[in-house]
Amino acid sequence: MAAKPITIVGGGLAGLTLGIGLRQRDVPVTVWEAGHYPRHRVCGEFISGRGQETLSRLGLRELLARAGSVNAVTAAFFSSTKSAPPRPLPVQAICLSRFVMDRLLANEFQKLGGELRVGQRWPAMGVRAAACPDRLRPELQPEGVVCATGRRLQTEEGGSRWFGLKAHARNVALAADLEMHVSPRGYVGLCCVEGGAVNVCGLFQRRAGADNTPQTWREWLRGQTGSPLNQRLGAAEFDESSFCAVAGISLRPQRAAVRAECCVGDAITMIPPVTGNGMSMAFESAGMAVEPLAAWSRGETSWTPARQTLARQCDTAFARRLAWAKWLQRMMLAPSLQNVLVQFVAHSEWFWRTAFERTR
Ligand SMILES: Cc1cc2nc3c(=O)[nH]c(=O)nc-3n(C[C@H](O)[C@H](O)[C@H](O)COP(=O)(O)OP(=O)(O)OC[C@H]3O[C@@H](n4cnc5c(N)ncnc54)[C@H](O)[C@@H]3O)c2cc1C
């Protein structure tokens, strides 16, 4: 029997990684991607966690290394007034811009014979079931369609709006491979990517009716005057063409098992970016999807059990880290706890290791 084809909606990290894994098993795959490559994305560009093993298993880690990925072995935390010295990361991370990485994966997918439909939006994904006619309902997606469309949109959460900003900069000397700066407005991560550029990426919270907030993206990213972040970026030269922004971010955890569609990556749920684990979850969920979906393609199982097996595996793998990440993010955003957090990271090996390991 001929292998049944799989359609992946979304050519981000999860969709392309799944496409590559399936092509390596000779499954016919088409990826629909609404955007184009290369493109900058709002992302800390810091890959940390078990997804690195998925990359190695699929033979992709070597590709990233050849493209100039930077190994990160230390991290340092800062609040608006306090600094902690660099600490070794319990497990090495890798940093590579999304500009390079997404294109690399897209090329690899095509090299393996995958069909990539760039600039084409799959019509029904991401539409709320209640808001669309029956023929477009997500739960009525045909068998063989995988949702890798990225984070779900949410305009407001608890009276505030989340948004993300990122730009590459030059002329920035870091004290550690990853610097994480927390402030009452949100947090900004800094890490070196290929070619000596520093990625400056922040997640911010804007409360309804708040004034005294910065007016430009540079002001948001540079932090408050006198803060360690502001000093670090004092001489930074931003690459305007790399600037991008996203809004409507939802950080409320969701289980894969409650979705009617077959999902991978942020389409399942988004982990708070402070963990630097979202890309890992995209790679991991894609890695977990390969076998059940290849078995469906070969006719060895039907669609519903394949989808449910994947959802169960993802929920088991991600539940604990999502719970810890939610708690950690709350702590990082509470102004009264930010200095305490920085002190803990500086002085408690137990705290540092536990927070790192439980969010991966
Ligand atoms: C501020 C911020 C900082 C972050 N920092 C980090 C970090 O340092 N480390 C980390 O690991 N993670 C980080 N993340 C999270 C990380 O970016 C995501 O987890 C990761 O991009 C998820 O990959 P994905 O493939 O699921 O989704 P995406 O990369 O978002 O890809 C989804 C793709 O689907 C396409 N698409 C959507 N709808 C359709 C449609 N209907 N038809 C066709 N195409 C469609 C989109 O164009 C997009 O290309 C951060 C996120 C934010 C917001």
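**Residue classes in the shell around the ligand.** In this predicted model, the shell around the ligand counts 17 nonpolar residues. Another 11 are polar and 7 are charged. In total, 35 residues surround the ligand. The closest are Glu33, Gly44, Phe46, Asp266 and Met279.

**Polar contacts of the ligand.** Three residues are picked out here: alanine 14, glutamate 33 and arginine 41. Alanine 14 takes part through its backbone: one of its polar backbone atoms is 2.8 Å from an oxygen atom of the ligand. Glutamate 33 uses its side chain, where an N or O atom is 2.7 Å from a ligand oxygen. Arginine 41 also presents a side-chain N or O atom, 3.1 Å from an oxygen atom of the ligand. On its own, the ligand has 1,000 Å² of accessible area, and the protein covers 92% of it.

**Elements that supply the shell.** Two or more residues come from each of α1 (13–23), β2 (29–33), β11 (198–207) and α7 (278–297). Helix α7 gives the most, with 3 residues.

**An open sheet of 5 strands.** The strand order is β6-β2-β1-β7-β13, and the pairing is parallel. The edges belong to β6 (115–118) and β13 (262–263). Each has a single partner strand, so one side of each is left without a neighbour in the sheet. Strands of a sheet pair through backbone hydrogen bonds.

**Where β7 meets β13.** Strand β7 covers residues 145–147. It runs parallel to β13, and 2 bridges join the two strands. Which residue of β13 is the bridge partner of cysteine 147? It is cysteine 263.

Conventions:
Residues numbered from 1 in each chain as written. Predicted model: local features only at pLDDT ≥ 70, side-chain atom pairs only at ≥ 80, totals over all residues. Heavy atoms only, no water. Near = heavy atom within 4 Å. Polar contact = N/O pair within 3.5 Å; in protein donor to acceptor, adjacent residues only side chain to side chain. Areas by Shrake-Rupley, 256 points an atom, 1.4 Å probe, with all protein chains shown as cover. Helix = DSSP H or I, 4+ residues; strand = E, 2+ residues; numbered from the N terminus. Nonpolar A, V, L, I, M, F, W, Y, C, P; charged D, E, K, R; others polar. Pairing = 2+ DSSP bridges.
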